[in-house]
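Subject: Structure handover

Hello,

Here is the structure I said I would pass on. My notes on it follow below.

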Amino acid sequence: QDGVAKPVGASLDVGSVPAGGSAIVRLTITNPSAAAVAVQNIAISGAAFSLPGTYVFELPYILAPGASWNFQAGFAPAATGAAQGTLQVNPGLSIALTGNGAGALSVSNQGKPLAPGATVDFGRIELGSSTQQSFLITNPDSTAIAISQLQVTGGGFQQSGGPAGSFTIAAGASATVQITFTPVSANGAQGTLTINQESFLLTGSGYAQPFPAASITFDQAKA
């Protein structure tokens, strides 16, 4: 979830995800033995857990000695509170899954709270110039919350600071993200900031500095 490989024992805690959101847990099966092993079946139970993707059609999968095979599990709590499930690999390996549906993240822009779907205007900017705004993402919950997606899209908009991709915000902590708008034309521009399942509309416009008006003077004294 956070890009760090951790051995999995009889249980696996996938962490906290805002209720209504989702996260992907990347898992690896490794064959440490000297003989090939067949992965015959992978199943998952629990309302908040799933096996996304089409890898199930690859089974059975033969793992050579020392080889590994990657797959993914999804965690999408519909409500706040603890969630439980089970991951079954072949008949002999059962892993208890736990997770938490956390309260919603709080997002503010330049110190002002943003409602989901809110619009943030970067203003009218001269072509060749840029402007930057800061967004504060706060976790008000008592447990850490996983950010499975933080993405900025749209012509002229790009993330210029702060964490990117997948990361975790500790309980009561915050993360600051900077977004820069550099207009590419003398027209209006739109973009999107996506944080997990929440999106915010980014707007701005560019303008070209007009050329100074031409003037002609006539010096009568030298005529």
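**A four-stranded sheet**

One open sheet holds four strands in the order β12-β20-β19-β15, and its pairing is mixed. Its edge strands are β12 (119-126) and β15 (150-153), each of which pairs on one side only. From one strand to the next the twist averages 15°. Please keep in mind that this is a predicted model.

At one edge, β15 pairs with β19 (residues 188-195) in the antiparallel sense, over four bridges. Within these strands, T153 stands opposite T192 of β19.

**The chain overall**

The chain has 20 strands and zero helices. Of its 223 residues, 36% are buried. Taking contacts between residues at least 6 apart in sequence, 67% join residues that are at least 24 apart.

**Nonpolar cores**

In soluble globular proteins, nonpolar side chains tend to be buried together. Here the largest nonpolar core has 26 residues, and the members that touch the most other members are F122, F135, L150, I179, L193, I195 and L202. Two or more residues come from each of β12, β13 (131-138), β14 (145-147), β15, β17 (167-169), β18, β19 and β20 (198-207). The largest share is that of β18, with four residues.

What does L193 touch, leaving aside its neighbours within four places in sequence? Its contacts are F135, L150, Q151, V152, I179, E198, S199, F200 and L202. Of these, F135, L150, I179 and L202 also appear among the core members with the most contacts to other members.

There is also a second, separate core of 24 residues, with L27, A83, V89 and L97 among them.

**Aromatic pairs**

A pair of aromatic rings is described by the distance of the centres and the angle of the planes. Searching the whole structure gives six aromatic pairs. In one of them, Y61 and W69, the ring centres are 5.2 Å apart and the planes lie at 20°, so the pair counts as stacked. The cut-off for stacked is an angle under 30 degrees.

Are the two partners buried or exposed? W69 is buried, as its relative accessible area is 6%, whereas Y61 counts as partly exposed because its relative accessibility is 29%. Y61 and W69 also belong to one aromatic cluster together with F71.

Another pair is F122 with F181: the ring centres are 6.2 Å apart and the planes at 65°, so this pair is edge-to-face. F122 lies in β12 and F181 in β18 (residues 174-181), so the pair ties together parts that are 59 residues apart in sequence. F122 and F181 are both buried. F122 is also one of the residues listed above for the largest core.

**A buried asparagine**

N109 is in strand β10 (residues 106-109). With a relative accessibility of 10%, N109 counts as buried, the cut-off being under 20%. Which atom lies 3.2 Å from a polar atom of the N109 side chain? That atom is the backbone oxygen of S134. Not counting residues up to four places away in sequence, N109 touches L114, V120, Q133, S134 and F135. F135 is listed for the largest nonpolar core as well.

Regards

Note on methods
Residues are numbered from 1 along each chain as its sequence is written. This is a predicted model: local features need pLDDT of at least 70, side-chain atom pairs count only at pLDDT 80 or more; totals for chains, interfaces and linings use all residues. Side-chain values use heavy atoms; hydrogens and water are left out. Two strands pair if DSSP finds at least two bridges between them. Axes are lines fitted to C-alpha atoms, for helices over the stretch in contact, and angles run from 0 to 180 degrees between N-to-C directions. Buried means under 20% relative accessible area, exposed over 50%, partly exposed in between (1.4 Å probe, protein chains only). A polar contact is a pair of N or O atoms within 3.5 Å; within protein, one must be able to donate a hydrogen and the other to accept it, and residues adjacent in sequence count only if both atoms are side-chain atoms. Contact means heavy atoms within 4.5 Å. Rings of Phe, Tyr and Trp (its six-membered ring) pair if their centres lie within 6.5 Å; planes under 30 degrees apart count as stacked, over 60 as edge-to-face and the rest as tilted. A nonpolar core is a set of buried Ala, Val, Leu, Ile, Met, Phe, Trp, Tyr and Cys residues joined through side-chain atoms within 4.5 Å.
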